[in-house]
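Here is a friendly walk through one protein model, written to be read with the structure open beside it. Please take a look at the display below, and then follow the text.

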Amino acid sequence: MFYRQPEAVFWTYGFPLVMLTALGLAFREESKETILVDVVGPQAETFEARLAKDSRFKVKRPAANEWKKRLQTGKTNLVVETSESASEKPRFWCEPHRAESVLAREAVENAILRNELPKEASDFAESHLEEVGSRYIDFLLPGMIGMNLMGGGMWGIGFVLVDMRVRKLLKRLQATPMRRTDFLFSLMLVRLVFAFFDMSFLTVFGHYAFGVECRGSLIDLALVMLIGGASFAGIGLLVACRAQTTETISGLMNLVMLPMWILSGVFFSSERFPEAMQPVIQILPLTGLNNALRGVMLDGDSLIALWQPLLLLVAWGAASFTIALRAFRWK
């Protein structure tokens, strides 16, 4: 009886393996711990060459206007800002509230820079970002909002739709003049109404409990949530359009959402995963939603500046709804 239930087999054997593999890749142990470091400034190339001698460091040279955002969102642990003269001390930008940032600062200073710079230059200047969005809770809250929009959009529609099919309610609706398009749209609209109150609660709670601020327009934030919720509602319809039992829809929903929980940067930056996985991670709808939410809340970006992740969400939602409309069966 146990092995005749695919859902039971998956959650017993498959789920632990998926979690182990994904988290093992994100926090993989190599010959030495990987430390993410950005190097900027006139001497960036020289310092990159110095750091490259140690395999622990994964060094990048972002554009001058990108490194603050990367440090805020946890895509790098440390930023080394170099000066015009090679004899001048570099400045370290780190986040004292993040253990990995503090460790990265010590590792860079002790393992590389102190050994290669003159002894009198061993005391390096250190700076911290004083802007909104530098704490872990500032990074986490948009990810949690995105995760809840995904879960609400998919479970709030997929499970309800299958439950109606199990209870033979869809067969009754089939006898009415109502079109499939109107019925599926009504499910999406109801879910979006509930999502508005759910996400408003999370946003207000984050503000008053932890002091999380939204640097962008609240209207833009609401529109991003609306687009994200509609996108995942369409995906939920697609997953549930043919499912016949609640056990089946539970397994399918978790199979779709589980990779995005881990890969899309909800709890930690997706930069931790190997470079080969990044193209796949960046086209996931939850990645696009999280990037758009953090763009509005942490960076104050407008909807125009966020056209790429928003276009990704629209494409996922429109494609999913179109396919679901064609594949949907009343019974």
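## Around Gln282

Gln282 is partly exposed, with a relative accessible area of 34%; here buried means under 20% relative accessible area, exposed means over 50%, and partly exposed is in between, using a 1.4 Å probe and protein chains only. This is a predicted model, in which local features need pLDDT of at least 70 and side-chain atom pairs count only at pLDDT 80 or more, while totals for chains, interfaces and linings use all residues. Residues are numbered from 1 along each chain as its sequence is written, and side-chain values use heavy atoms, with hydrogens and water left out.

Gln282 belongs to helix α10; helices (H or I, at least four residues) and strands (E, at least two) are DSSP runs, numbered from the N terminus. Its C-alpha atom is separated by 9.3 Å from that of Leu263, and the two residues are 19 apart along the chain.

## The largest pocket and the largest cavity

Gln282 also takes us to the largest pocket: 31 residues line this pocket, and Lys69, Lys75, Gln282, Asn291 and Pro309 lie nearest its centre. Both kinds of space are found on a 1 Å grid over the protein atoms alone: a cavity is a set of points where a 1.4 Å probe fits but cannot get out, a pocket is an open set with protein on both sides within 12 Å along at least five of seven lines, and lining residues have an atom within 4 Å of a point. Grid points are joined across faces, edges and corners, and a volume is the space filled by probe spheres set on the points.

The largest pocket holds about 760 Å³ of space. Helices α3 (67-72), α10 (278-282), α11 (285-299) and α12 are the elements that give two or more residues to its lining. Helix α11 provides the largest share, eight residues.

What about enclosed space? The structure holds one cavity of 30 Å³ or more, and the largest cavity has about 40 Å³ of space. Its lining consists of Leu36, Val37, Asp38, Lys58, Lys60, Arg70, Lys75, Thr76 and Glu271. Strands β1 (35-40) and β2 (57-60) each supply at least two of the lining residues, with β1 giving the most, three residues.

The table sets out the two linings by class; Ala, Val, Leu, Ile, Met, Phe, Trp, Tyr, Cys and Pro count as nonpolar, Asp, Glu, Lys and Arg as charged, and the others, Gly among them, as polar.

| Space | Nonpolar | Polar | Charged |
|---|---|---|---|
| Lining of the largest cavity | two residues | one residue | six residues |
| Lining of the largest pocket | seven residues | 14 residues | ten residues |

## Aromatic rings

How many aromatic pairs does a search of the whole structure find? There are six aromatic pairs, where rings of Phe, Tyr and Trp (its six-membered ring) pair if their centres lie within 6.5 Å, and planes under 30 degrees apart count as stacked, over 60 as edge-to-face and the rest as tilted.

One of them joins Phe183 and Phe328: the ring centres are 6.2 Å apart and the planes are at 45 degrees, so this pair is tilted. Phe183 lies in helix α7 (residues 180-210) and Phe328 in the segment after α12 (307-327), so the pair ties together parts that are 145 residues apart in sequence. Phe183 is buried at 5% relative accessible area, and Phe328 is buried at 2%.

Phe201 and Phe205 form a stacked pair, 6.2 Å centre to centre with 25 degrees between the planes. Both lie in helix α7, four residues apart, about one turn of the helix. Phe201 is exposed, at 58% relative accessible area, whereas Phe205 is partly exposed, at 45%. Together with Phe210, Phe201 and Phe205 form one aromatic cluster.

Elsewhere, the charged end of Arg294 sits over the ring of Phe139, 3.8 Å from its centre; this requires NZ of Lys or CZ of Arg to be within 6 Å of the ring centre and within 35 degrees of the ring normal.

## A few single residues

Trp93 is in strand β4 (residues 91-93) and counts as buried at 15% relative accessibility. Trp93 and Leu78 are 5.9 Å apart in space, C-alpha to C-alpha, and 15 residues apart in sequence.

Lys168 is not a glycine, yet has a positive phi of about 65 degrees. Lys168 sits in the loop between α5 (136-166) and α6 (169-174) and is exposed, at 52% relative accessibility.
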